[in-house]
Amino acid sequence: MNYLSVEELSKNFGERILFGGLNFGLAKGDKVALIANNGTGKSTLLRILAGKDIADGGEFNFRQGVKVSYLEQEPDFKDDHTIEDFVANANFEILKIIDHYNKVLEKQGDQYNEANMRELEQAQAQMDANQAWDYDRRLKAMLTRFGINDLSQRINTLSGGQKKRLALSLTLLDNPEFLILDEPTNHLDIEMVEWLEDYLSQSTITLLMVTHDRYFLDRVCNVILEMHHGKLFRHQGNYSYFLEKREEREAALQTEIDKAGKLMKRELEWMRRQPKARTTKSKARIDSYYETEAKAKSGKKQQEIRLEVKMSRVGGKILELKKVYKSYGDLPIMRGFDYTFKKGERIGIIGKNGVGKSTFLNIITGREEADSGKINTGETIIYGYYHQQGMKLKEDKRVIEVLKDIAEVIELADGSKLTASQFLLHFLFPPEMQYTYVSMLSGGEKRRLHLMTVLMKNPNFLILDEPTNDLDLLTLQKLEEFLENFGGCLIVVSHDRYFLDKLVDHLFVFEGDAQIRDFWGPYSEWKELKKEQEAIEQQAREAASNKAEKAEQNKPKEKKKLSYKDKREYEMLEGEMEALEQEKAQLEAEIQTPELGYERLQEVSGRLGEISELLDAKMMRWMELDELQG
């Protein structure tokens, strides 16, 4: 039986149909990625399945008893409690189990009976099944893993990324059987992403998620559900297998469309003769013509993002950083950093959250000042800065108005010009969406619009801070195509390993404590080098540990002398053991007496057990002292 069954599920957004008639089932152990373009209702579908939204039609059912947990794309706790208070009072299943166990235990202590004992046993079984005995230890370890260390911090002071990491850590600790994740890798650094990747791929959790991280998709998922033009396609395999099968499907569809086009031309002449559908045969032929026409016209080419904007001329001097220092209190970010950028340079920036990656970008672009040092920017340099916070768009403006506020016309690299409307079309905003209010856009659509506002200014030095968050896979592919052909300088901060591997020549690795390493090569090479270094360091630690252990074993042991107290104890032990042996012999003789009463028999048996334990303990202690005495 499926863990989840979905039948004819549909959802509209005003007059816009997000999806309709969805049918699918997920079995235990399936790790499923839902793939579709932005604006097609991926997140809405997850919210419906998690009980956070209502479908307009159809139904879905989880198998009875299956524990489901859900991670939102942008968690909103709406709480001014501290993290510690929030965690203690959260409505998570595992906390309910712990609370129930404590109540049953108290109940059993107040009134011992068989019914309460059975209830306690059931509560203990639940604690076992959910690994709840060491919840506090695992909670602390998980929060630390996701960079949540200050439990006194108030929830309403957390950034969006901190809230996401807090929600993810608590969701995993709840030990769900079915896990629904919406963009789980957003706001995580690469080390956290790789840890989550390993955790999910090795677990037995059934998983349904939306993510744009292609390496994550490849290494975690075994099923891909593709929503495309209102239809749902299921691919039993990882992301690479899905790409292969989708290409085969599209090639087969194009062949069918070409055949339908040729057949339609032949049938068109017959139709122009205005046949009278008086016979069943002619009516069937007319119906067949319209079906063929629909098939022939279904092969509209998918809209593409063409980001060939004109780039401003780059002079000889680009950007120089000389002896730059920056810190926040006791947290150093840069300590005497030197670097001179060259034409066409492509740099990726990686490192844990909080080590100063975004600060580095803000200093380069003049948004923040360095504590000391020089930052010399070439006169011809025009920055295009795409940052995490996004552009503050006015919700009551229409999409096309946002663009027209910047420019009515955009000049392309070949000298031709596009209107704002044409430019929007290239960015997958069809005419009907261009007059939509910004408030109606999805998170991914808003980020795509922000990207347009950056590129239309004709920059020659692009800085992209986590550009892949919330963008669908089609947008990412087209963005990559543009960046591959971009002739200016490029700096990318990203946790998307595929994106980095494809686009950058070398990395600035922020290692913390103002240590910035320049590594020439893509991320995958850095990862392999890091693995090798960690293996060498581990071998060195093990060798040092073995050497120290061996030295300790071979070290001549100093003979310990008995203290006065030890000597006194040693002398008394023999007498004590002798007295116990005599008492033991007397009791053994007494227990053989036929007229010995039941109560006395119990006393004697109990005392004999005590004597045996005392003799064993005193003998061990006597042998220890005797060895020291020599």
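Author: Two strands pair if DSSP finds at least two bridges between them. This is a predicted model: local features need pLDDT of at least 70, side-chain atom pairs count only at pLDDT 80 or more, and totals for chains, interfaces and linings use all residues. Residues are numbered from 1 along each chain as its sequence is written, and side-chain values use heavy atoms, with hydrogens and water left out.

Reader: How many helices and strands does the protein chain have?

Author: There are 20 helices and 20 strands. Helices (H or I, at least four residues) and strands (E, at least two) are DSSP runs, numbered from the N terminus.

Reader: What makes strand E17 and E18 a pair?

Author: Five bridges join E17 (residues 461-465) to E18. The rule asks for at least two, so they pair. The two strands run parallel. In E18, Val493 is the bridge partner of Asp465.

Reader: How do you know that E12 pairs with E18?

Author: Strand E12 (residues 346-351) shares four bridges with E18, again in the parallel sense. That meets the two-bridge rule, so this is also a pair. Here Ile349 stands opposite Val493.

Reader: Why is strand E18 called mostly covered?

Author: Buried means under 20% relative accessible area, exposed over 50%, and partly exposed in between (1.4 Å probe, protein chains only). In E18 (residues 489-493), five of the five residues are buried. Cys489, Ile491 and Val493 point one way, Leu490 and Val492 the other. Both sets are buried.

Reader: How much of the protein chain is buried?

Author: Of its 630 residues, 43% are buried.

Reader: What makes the largest nonpolar core a core?

Author: A nonpolar core is a set of buried Ala, Val, Leu, Ile, Met, Phe, Trp, Tyr and Cys residues joined through side-chain atoms within 4.5 Å. The largest such set has 95 residues. Tyr135, Leu166, Phe429, Leu449, Leu462 and Leu483 have the most contacts inside it. Apart from it lies another core, of 27 residues. Ile491 of E18 is one of these, as are Val314, Phe337 and Phe341.

Reader: Which residues are in contact with Leu483, beyond its neighbours within four places in sequence?

Author: Contact means heavy atoms within 4.5 Å. On that test Leu483 is in contact with Arg346, Leu462, Leu464, Leu490, Phe499 and Leu503.

Reader: How do you know that there is a cavity?

Author: Rolling a probe the size of a water molecule over the atoms shows where empty space is left. A cavity is a set of points, on a 1 Å grid over the protein atoms alone, where a 1.4 Å probe fits but cannot get out. The structure holds one of 30 Å³ or more. About 50 Å³ of space lies in the largest cavity.

Reader: Which residues line the largest cavity?

Author: A lining residue has an atom within 4 Å of a grid point. These are Leu34, Ile35, Ala36, Lys42, Glu183, Val210, Thr211, His212, Leu471, Asp472 and Leu473. They divide into six nonpolar, two polar and three charged.

Reader: Lys42 also starts helix H1. What makes H1 mostly covered?

Author: Six of the eight residues of H1 (residues 42-49) are buried. They are Lys42, Thr44, Leu45, Leu46, Ile48 and Leu49. Gly51 follows the helix, with a positive phi near 80 degrees.

Reader: Why is Ile611 called buried?

Author: Its relative accessible area is 0%. The limit is under 20%, so Ile611 is buried. Ile611 lies in helix H20 (residues 598-629). Residues up to four places away aside, Ile611 touches Leu580, Glu583, Lys584 and Leu587. Ile611 and Leu580 are 31 residues apart in sequence, yet 6.6 Å apart in space, C-alpha to C-alpha.

Reader: Why is Lys502 called partly exposed?

Author: Lys502 has a relative accessible area of 35%. That falls between 20% and 50%, so the middle class applies. Lys502 is in helix H17 (residues 497-503). Leaving out residues up to four places away, Lys502 touches Glu480 and Glu484.

Reader: What is the phi of Glu8, and what is that of Glu466?

Author: Most residues other than glycine have a negative phi. Glu8 has a positive phi of about 50 degrees, and the phi of Glu466 is near 50 degrees, also positive. Glu8 lies in strand E1 (residues 4-13). Glu466 is in the loop between E17 and helix H16 (473-485).

Reader: Is Glu466 buried or exposed?

Author: Its relative accessible area is 10%, under the limit, so Glu466 is buried. Glu8, at 47%, is partly exposed.

Conventions: On a 1 Å grid over the protein atoms alone, a cavity is a set of points where a 1.4 Å probe fits but cannot get out, and a pocket is an open set with protein on both sides within 12 Å along at least five of seven lines; lining residues have an atom within 4 Å of a point. Grid points are joined across faces, edges and corners, and a volume is the space filled by probe spheres set on the points. Ala, Val, Leu, Ile, Met, Phe, Trp, Tyr, Cys and Pro count as nonpolar, Asp, Glu, Lys and Arg as charged, and the others, Gly among them, as polar.
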